[in-house]
Amino acid sequence: MVTATTPGFTLDHLAIGQSATVRTVHGTDHIRRRLLEMGLCPGVVVEVLRRAPLGDPIELRVRGYLLSVRGDHARQVELQIVGTT
Amino acid sequence: MTTAVLPIPPRLAVRAELRSVALAGNPNSGKTTLFNALTGLHQKVANYPGVTVERKSGRCLLPGETVATEIIDLPGTYSLIASSPDERVTANVLFGRQDQVRLPDAVVVVIDASNLPRSLYLVTQLIDCGRPLVVALNMSDIAARRGLVVDHAALERLLGVAVIPMVSHHRRGLADLMQALTCARIPTRIAWPLPQALLTQMQVLGAVLGTDAGGIGGTAHHLLIGDLEGELGNVAMTHAAALAEASRALAAQGVDAVEADITARYRWIDTVVEQVVVRQPSAERRSLTEQVDRVLMHPVLGLVIFAVVMALVFISVFWIAQPLMDGLQDGIARLGTFITAHLADGPLKSLLTDGIIKGVGSVVVFIPQIAILFLFLAILEDSGYLARAAFLMDRILAKVGLHGKSFIPLLSSFACAIPGIMATRTIENRKDRLATILVAPFMSCSARLPVYILLIESCFYPVLPARYQAVGKGLIMLACYVLGIVAAGSIAWLFRHSLLRREVRSSFILEMPSYKLPQFSEVARQMWVNSSKFLTKAGTVIFAFAVLLWAAMYWPRLPPAQERQISAQVAAAPSEDQHITLHERIADAQQSAQISQSYAGKFGHAIAPALAPIGADWKTGIGLVGAFAAREVFVSTLGIVYGVGDTDEQGTGRLSAQLQRDHRANGLKVWSPLAATSILVWFVLAMQCMSTVAVVRRETGGWGWAIAMLVFMNVLAYVSCLGIYQIGSRIWGG
């Protein structure tokens, strides 16, 4: 369901099959830089494909390729709009 | 488009010779395949000084050149701002700050046509880097299957450097690439759509730093986006005030330089991709990889398949290797027999048969297993499954402070810790890697297996109730493996909460590469390179220790008078076994007496007081000395000590019988189940393998961690055995 921008809505809250647009990536360390460099930068659409058996890490589709990140990295990625499944 | 692209300057008439060319590219871009195609068999693998990063280089004669050009295969990288030792080497070479590597005359960047946006991110950095550049557009075949056709001519126009379409595993486009290299151009700078605030602060800071420092790709740009490698770090320190001022100004305007820089590059890339990629609507919506992943990464089915794959790999490592190992051992034994028959008794004969041939034997016996293990590792990696394994296992391993990528190295360590430790190179974070290296030897390797079997057969089998013998044996064996795993988990957890506490967060940001069929040539090459590394690094240590051990057991010699006395004693005693001749019995008894008073024997006696509290005596002491060459030597050394000669198939049975019969002065069994438990625990936990220590030294870049590992594992083992034997003997009375 499309809703208005929810402040603080982060990538780890996105359900499997949902996609959304990245608003910003929080943090100051090397992990933030690498997330951005791997293409997770503001404006890009990211889709959650699956979660690992114990719920973490999660696999994403971004810029046409598959990327896995841990849940605590996903928490750094703030999203703009929740897309429909 | 706001970004103006300048026309390509005409080809320069005169150019300097190409002495070296570097290959850069993302991991999984097919860079190594291209490197192999360019250099063929003319390759050299070494290490970059001071780091455990492989320096792969080869030679290739480019058209129009008279001298072969050195091709350097740089470690795969996503960015020139490094986040791992591998990436740091790549950036250092490309910026000319890597020790003992000259700045490459040209750079080939391999990009993946099926993964264009992320590949182009590295290209934008390489354009800023300012070395002559050629783009190799690889994997167009995979892209085409997904309905993506890349217009390479348009891409060439937009990037301002030659773009050569190729399918490197079919050698397609290779000649064009070589031709393009001979006229590689320095790319024209491109104005990434950076926010005005950032451009202004680059100018302001650049003016402080000096001429030409304020432009795109200039020093100010590097400093503001936090690239402080090499000389840049010093500049940042000298001009700390100006840098802080510029950063403050940016923050005041709500601009984050790192995010702005990366976003601008990707915004530029998006416009390029829009112009060069033609999408075929007919193509499958989900790629083949995604369809396969629906099964292989399924929360339940995926785990089942994972377990089956790992079990298959593991079982084949043992089963396929077994006949080969037997064959090799047979050949070695025959060689020994041949020498025995053709040489007179004496130190030379003994050195050849018991020293050198046995030493070579204890090395080569590992080779089939190691080679097969490396073969499977290469297949797992080349197919793309390795990343999935890391994904599936990360959560469990992260709980004890390890990493998803620790799984395969730890699994390999059940065959041998050395290939396991070598496989940790894929773990980027240094502390994650160190923790994995330090606990890998707790996995029960195949050299421990003969020891487990001997002790379980000899010491537990007879005391188990008849109905439960088979199950009981299996359970004790399983307990040994589980103990190793539990120890590894606990020690990893302890390390991560003490010495190896993270000062930087551990990360798991892993590309799931497209599946592909492993290429025979690449897999074979990897297996060959790694196996020969094992032979040179570990094999030499095992061999040296085997020869040293021989010398320690050979000298000093038993006095002739004592030898005669032993033969008389044996001749007088009744024979217990009809299959053994009197001559053999005498030889075995003499050998036993010899080893007991040799240097190794003296050492065994000397450490006996320390072994008594853990339930062992001097005979075990000699066996433990033997185990330092390789753990399974414990069995054959014990065989000699107990006077049953070499432990071949019947020999182990005879050794078992001897162990059962051995009693202490107080009438209690030397090898009671309690004492055997203590020694089993010792073998699970102790670090005895000198070749592992040597490999740890090499992989961690110094003796510090290697010695620390030797000490802590052995202290842990001793304390555990002490606890088990002391408490156990108070309860059950030894």
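**Exercise 1. Find which strand of chain B pairs with E4(A), and how the two run.**

Let's start with the strands. E4(A) is joined by three bridges to strand E10 of chain B, residues 509-511. The two strands run antiparallel. For one rung of this ladder, take A:Leu67: its bridge partner in E10(B) is B:Glu511. Keep in mind that the model is a predicted one.

**Exercise 2. Work out how much of each chain takes part in the contact, and how much area is buried.**

Step one, count residues: chain A brings 38 residues and chain B brings 48 residues. Step two, look at area: the two chains bury about 3,600 Å² between them, with 55% of it on carbon and sulfur atoms. Step three, see who loses the most on the chain A side: that's A:Arg33, A:Arg34 and A:Arg70, together 19% of what that side buries.

**Exercise 3. Track down the charged and polar links between the chains, then describe the chain A side.**

First, the salt bridges: there are seven between chain A and chain B. One to look up is A:Arg34 with B:Glu87, where the closest N and O atoms are 2.8 Å apart. To count as a salt bridge, such atoms must lie within 4 Å, so this pair passes.

Next, polar contacts: 19 residue pairs link the chains this way, both residues being at pLDDT 80 or more. Several elements give two or more residues to the chain A side, including strand E1 (19-25), helix H1 (30-37) and helix H2 (71-74). H1(A) gives the most, with eight residues. Finally, sort that side by type: you get 17 nonpolar, seven polar and 14 charged residues.

Terms used:
Residues numbered from 1 in each chain as written. Chains lettered and ligands numbered in written order. Predicted model: local features only at pLDDT ≥ 70, side-chain atom pairs only at ≥ 80, totals over all residues. Heavy atoms only, no water. Contact = heavy atoms within 4.5 Å. Buried area = accessible area lost by both parts, 1.4 Å probe. Salt bridge = Lys/Arg side-chain N within 4 Å of Asp/Glu carboxyl O. Polar contact = N/O pair within 3.5 Å; in protein donor to acceptor, adjacent residues only side chain to side chain. Helix = DSSP H or I, 4+ residues; strand = E, 2+ residues; numbered from the N terminus. Nonpolar A, V, L, I, M, F, W, Y, C, P; charged D, E, K, R; others polar. Pairing = 2+ DSSP bridges.
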